[in-house]
Amino acid sequence: MSLRAILSIAALLTLLVAVVNSLPKRYRKPKPPSTDAYVGSDFDYYVLAQVVPQVQCYKVNNLWKAENSSCSPCSSSWARNDLDWTVHGLWPSNLYSDRFLGNCNRTARFDGDQLDAELRAQLEYHWTDLKRAAYKDDFWRHEWEKHGTCAMQVDVLSGMRNYFQQTIELLKRFNVGHHLERQGVTPGNHYDFDEFNNAIVEAYGAQAKIKCAKSPTTGLQYVNEVHLCMDRSFKMIDCTGVLAGSCSKKKKLTYAKNANQCTRKQS
């Protein structure tokens, strides 16, 4: 093909593009429907993430200077029982990816009006945000819109209220603190990583993931979070990947006690 022929074809294509762009919108080929509102949410299993409230308080507020205090700078609604861990979230996940699904339905927005007084009380105790400056609903909004919307295809989790209520029931059933106590592992003590990990395996019959937080003040390594993995029928399965998370297996794990909220002195 000669250079003149190539240039002629190029000029013709340019003319066709200009003609199409000049047409009224009703004559143009319609664009495919947007997928921004709903993203595919097929998943293999759940992660039920639980935290030690006292350690989470130190970590998210950078209040490690208070770790040796007899009282807590954070809210005390959860401190009534040393064994009660709290929910970080219930996260639909895929087996072949370390990333959790997120923001699967952008039309299913958080609606605080759906949380009646009874459900709010449950959330404040079992699913509390330990950030002192945070508005309570912000944490629940984040967990629902990022993770809860990816579980809407499951009947018992379909809808915001169902997601929160079912997750709280799972926490009560699988609360790490109570299960560890039955294995002789209790708050206020220090454990080798393998000892702590083996207690979890014995308690649940499956391998979990353990995450730690290191104090910049004392250098202690605190148990901060445990992730339990469940199949779609909520039966325990082994977690995969890096099971020690941010923990060093060479250092002792400190399992912190909860503390009552510090009270201001009356002037």
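1. A polar contact here is a pair of N or O atoms within 3.5 Å, where, within protein, one atom must be able to donate a hydrogen and the other to accept it. By that yardstick, the side chains of His 147 and Trp 91 make a polar contact, at 3.4 Å. Bear in mind that this is a predicted model.

2. On to the annotated site. An unreviewed UniProt entry carries the annotation "active site" for His 88, Glu 143 and His 147. These residues span 60 positions in sequence, but no two of their C-alpha atoms lie more than 11.1 Å apart, so they gather at one spot.

3. Take His 88 next. You'll find His 88 in strand β2, residues 86-93. Its relative accessibility is 21%, and since buried means under 20%, His 88 counts as partly exposed. Beyond its neighbours within four places in sequence, His 88 is in contact with Ala 49, Gln 50, Val 51, Trp 127, Phe 139, Glu 143 and Glu 225. Glu 143 in that list is also one of the residues under the UniProt annotation.

4. Now His 147, which sits in the loop between α4 (136-146) and α5 (160-174). Is His 147 buried or exposed? Its relative accessible area is 3%, so His 147 is buried. Setting aside residues up to four places away in sequence, His 147 touches Leu 90, Trp 91, Pro 92, Phe 100, Leu 101, His 142 and Tyr 163. Trp 91 is the polar partner from point 1.

5. Strand β5 (residues 221-231) deserves a look too. Of its 11 residues, 10 are buried, so the strand is mostly covered. One link back to the site: Glu 225, a contact of His 88, falls within the residue range of β5.

6. Which strands pair with β5? Strand β1 (residues 45-51) runs antiparallel to β5, with seven bridges joining them. In that pairing Gln 50, itself a contact of His 88, stands opposite Val 226. Strand β4 (residues 209-214) is also antiparallel to β5, through six bridges, and Lys 209 stands opposite His 227. Strand β6 (residues 236-237) joins β5 by two bridges, again antiparallel, with Cys 229 opposite Ile 237.

7. Last, the turns. β4 and β5 form a hairpin with six residues between them, and Gly 219 in the turn has a positive phi of about 80°. The hairpin of β5 and β6 has four residues between the strands, and there Phe 234 takes a positive phi near 70°.

How values were computed
Residues numbered from 1 in each chain as written. Heavy atoms only, no water. UniProt positions renumbered as here; feature names shortened; annotations may be inferred. Buried < 20%, exposed > 50% of the residue type's maximum accessible area, 1.4 Å probe, protein only. Contact = heavy atoms within 4.5 Å. Pairing = 2+ DSSP bridges.
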